[in-house]
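Trainee: I am new to this structure and would like to go through it step by step, with the reasoning spelled out. Could we begin once it is in view?

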Amino acid sequence: MSRQVTTRIVRPILSKTPEEARRGVTALYRDFYREMEWTMRSHMMDIPIATARKQLKKEFLKNKNVTDIRVIDLMVVKGRHTFDEFHQFWAQNYNIYNYFDITDTQKQKKEERSNTFLDNFYKSSD
């Protein structure tokens, strides 16, 4: 018996080449990076902008091994939806906090509080 190999031709979602997909990903990353400061301030988040940008980079690097163009396009579309949710205030603060490890933020806030003028004054008088 001979087996027939069937190939299925699929239509691209957005990109036809890997270079186009890469451009879409970098454009999304750039938009998120530029918008991060405004989003954090407008949502009154207590997360430093540098920490938020590190987390953004980590989220993008999670998927660096994906090579299927259709999957990359779907991820870019989902990322655009998330971007719009943050920008249009459709996402609440707890939705944004889900992307961060709260313990890191709490540690940073505690360190900031322990370095106040009065704390340093009390430590020096001991």
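Trainee: Does Lys-62 count as buried, partly exposed or exposed, and what is its relative accessibility?

Mentor: Please keep in mind that this is a predicted model. A residue counts as exposed when its relative accessible area is over 50%. Lys-62 therefore belongs to the exposed class, its relative accessibility being 56%.

Trainee: Which residue does the side chain of Lys-62 meet in a salt bridge?

Mentor: The pair is brought together at a nitrogen-to-oxygen distance of 3.2 Å, and a salt bridge requires that distance to be within 4 Å. The partner has a relative accessibility of 25% and so counts as partly exposed. The residue that meets Lys-62 in this salt bridge is Glu-59.

Trainee: How many salt bridges does the count come to?

Mentor: Besides the pair of Lys-62 and Glu-59, there is a salt bridge between Arg-41 and Glu-37, whose closest N and O atoms are 3.3 Å apart. Arg-80 and Asp-31 also meet through their side chains, at 2.7 Å from N to O. The count comes to 3.

Trainee: Why are Arg-41 and Glu-37 separated by about one helical turn?

Mentor: Both residues belong to helix α1, where Arg-41 is exposed at 56% relative accessibility and Glu-37 is partly exposed at 31%. The separation is about one helical turn because, within α1, the two residues are 4 residues apart.

Trainee: How many residues apart are Arg-80 and Asp-31?

Mentor: Arg-80 lies in helix α3, which covers residues 69–87, whereas Asp-31 lies in helix α1, and the pair links distant parts of the chain. Arg-80 is partly exposed at 27% relative accessibility, and Asp-31 is likewise partly exposed at 24%. Along the chain, Arg-80 and Asp-31 are 49 residues apart.

Trainee: Are α1 and α2 roughly parallel or roughly antiparallel to each other?

Mentor: The axes of helix α1 (residues 18–42) and helix α2 (residues 49–61) come within 10 Å and cross at roughly 155°. Angles over 145 degrees count as roughly antiparallel. The relation of α1 and α2 is therefore roughly antiparallel.

Trainee: How many nonpolar residues does the contact of α1 with α2 have?

Mentor: In this right-handed crossing of α1 past α2, the contact is made by residues including Val-25, Leu-28 and Phe-32 of α1 together with Ile-49, Leu-56 and Phe-60 of α2. Glu-37 and Arg-41 of α1 also take part, as do Arg-53 and Lys-57 of α2. By class, the contact has 4 charged residues, no polar ones, and a nonpolar count of 11.

How values were computed:
Residues are numbered from 1 along each chain as its sequence is written. This is a predicted model: local features need pLDDT of at least 70, side-chain atom pairs count only at pLDDT 80 or more; totals for chains, interfaces and linings use all residues. Side-chain values use heavy atoms; hydrogens and water are left out. Axes are lines fitted to C-alpha atoms, for helices over the stretch in contact, and angles run from 0 to 180 degrees between N-to-C directions. Angles under 35 degrees count as roughly parallel, over 145 as roughly antiparallel, 65 to 115 as roughly perpendicular and the rest as oblique. A crossing is left-handed if the near helix is turned anticlockwise from the far one by less than a right angle, and right-handed if clockwise. Contact means heavy atoms within 4.5 Å. Ala, Val, Leu, Ile, Met, Phe, Trp, Tyr, Cys and Pro count as nonpolar, Asp, Glu, Lys and Arg as charged, and the others, Gly among them, as polar. Buried means under 20% relative accessible area, exposed over 50%, partly exposed in between (1.4 Å probe, protein chains only).
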